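Visitor: Could you take me slowly through one part of this structure, and explain how its strands, rings and open space fit into one picture?

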Amino acid sequence: ASLLSADRGEGWNLALLVHTTLPVGSDELGSPRADPSVRLMGSHDLLQRVGLGWNVAYEASSFEDAERVRHTLSRFLYTGTLGFSLAPRWGAFIELFGDLPASDSAPAAHTFDGGVTFLATPALQLDFAAGVGLNDAAPDWFVGAGLSLRRLRRTPGI
């Protein structure tokens, strides 16, 4: 649930997202504990056709080992994205993202990617990205495609 979301004017926005899982479901699909996460997200207009998006987060993940002992590990996450408007319906982006150990002993992973977006309709965006890992803990390389749907609000009288 989003606890805070603010259009700060002057081309920037902030949002705070607080989330938790619940310890329900099967052992294969569920988590043995409530696992919280907190994410602070922001976006800023830098220039007329360039924007900066970022987020910082903390998330926990629980599991049971072979002896059915419950463990919870946590990590810090980050993302920084520069977005560019190329044409009325086309955009591009470059992004640095990764995670750092909090209580988790796994090494930090840092990744860089870039891609293009196409706004097919006011409510449908398609994107394609490719990226590389910047250290041994990150994937060597990857490609991805996405589909984003936006629920449009109806304005009374229109």
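Guide: What follows is a walk along neighbouring strands, then a look at some aromatic rings, and finally a look at a pocket. Please keep in mind that this is a predicted model, and that the values I mention are computed from it.

Let us begin with strand β4, which covers residues 50-64, and strand β5, which covers residues 70-87; these two run antiparallel and are joined by 15 bridges. One place where you can see them facing each other is at Phe63, which stands opposite His71 in β5. The two strands form a hairpin with five residues between them, and in that turn Arg68 has a positive phi of about 65°.

From β5 we can step across to strand β6, residues 90-101, since these two strands also pair in the antiparallel sense, over twelve bridges. Here again the two strands make a hairpin, this one with two residues between them, and Ala87 stands opposite Trp90 in β6. Elsewhere along β5 and β6, Tyr78 has Gly98 of β6 as its bridge partner.

On we go from β6 to β7: ten bridges join these two strands, which run antiparallel. If you look for Leu96, you will find that its bridge partner in β7 is Phe112.

With the strands in view, we can turn to the rings, for a search of the whole structure finds three aromatic pairs. One of them is formed by Trp90 and Phe118, whose ring centres are 4.7 Å apart and whose planes make an angle of 45°, so that the pair counts as tilted, a class for angles that are neither under 30 nor over 60 degrees. Because Trp90 lies in strand β6 and Phe118 in strand β7 (residues 109-121), this pair ties together parts that are 28 residues apart in sequence. Trp90 itself is partly exposed, with a relative accessible area of 44%.

Another of the pairs is formed by Phe97 and Phe142, and this one is edge-to-face, with 6.4 Å from centre to centre and 65° between the planes. Phe97 lies in strand β6 while Phe142 lies in strand β9 (residues 141-149), so this pair ties together parts that are 45 residues apart in sequence. Phe97 is partly exposed, with a relative accessible area of 24%, and Phe142 is partly exposed too, at 22%.

Finally, let us look at the open space, where the largest pocket holds about 280 Å³. Its lining is made of 18 residues, and those that lie nearest its centre are Phe84, Gly91, Ala92, Thr117 and Gln125. The strands we have just followed return here, for the elements that give two or more residues to this lining are β4, β5, β6 and β7. Of these, β5 gives the most, with six residues. Sorted by class, the lining of the largest pocket has nine nonpolar, eight polar and one charged residues.

Note on methods: Residues are numbered from 1 along each chain as its sequence is written. This is a predicted model: local features need pLDDT of at least 70, side-chain atom pairs count only at pLDDT 80 or more; totals for chains, interfaces and linings use all residues. Side-chain values use heavy atoms; hydrogens and water are left out. Two strands pair if DSSP finds at least two bridges between them. Helices (H or I, at least four residues) and strands (E, at least two) are DSSP runs, numbered from the N terminus. Rings of Phe, Tyr and Trp (its six-membered ring) pair if their centres lie within 6.5 Å; planes under 30 degrees apart count as stacked, over 60 as edge-to-face and the rest as tilted. Buried means under 20% relative accessible area, exposed over 50%, partly exposed in between (1.4 Å probe, protein chains only). On a 1 Å grid over the protein atoms alone, a cavity is a set of points where a 1.4 Å probe fits but cannot get out, and a pocket is an open set with protein on both sides within 12 Å along at least five of seven lines; lining residues have an atom within 4 Å of a point. Grid points are joined across faces, edges and corners, and a volume is the space filled by probe spheres set on the points. Ala, Val, Leu, Ile, Met, Phe, Trp, Tyr, Cys and Pro count as nonpolar, Asp, Glu, Lys and Arg as charged, and the others, Gly among them, as polar.
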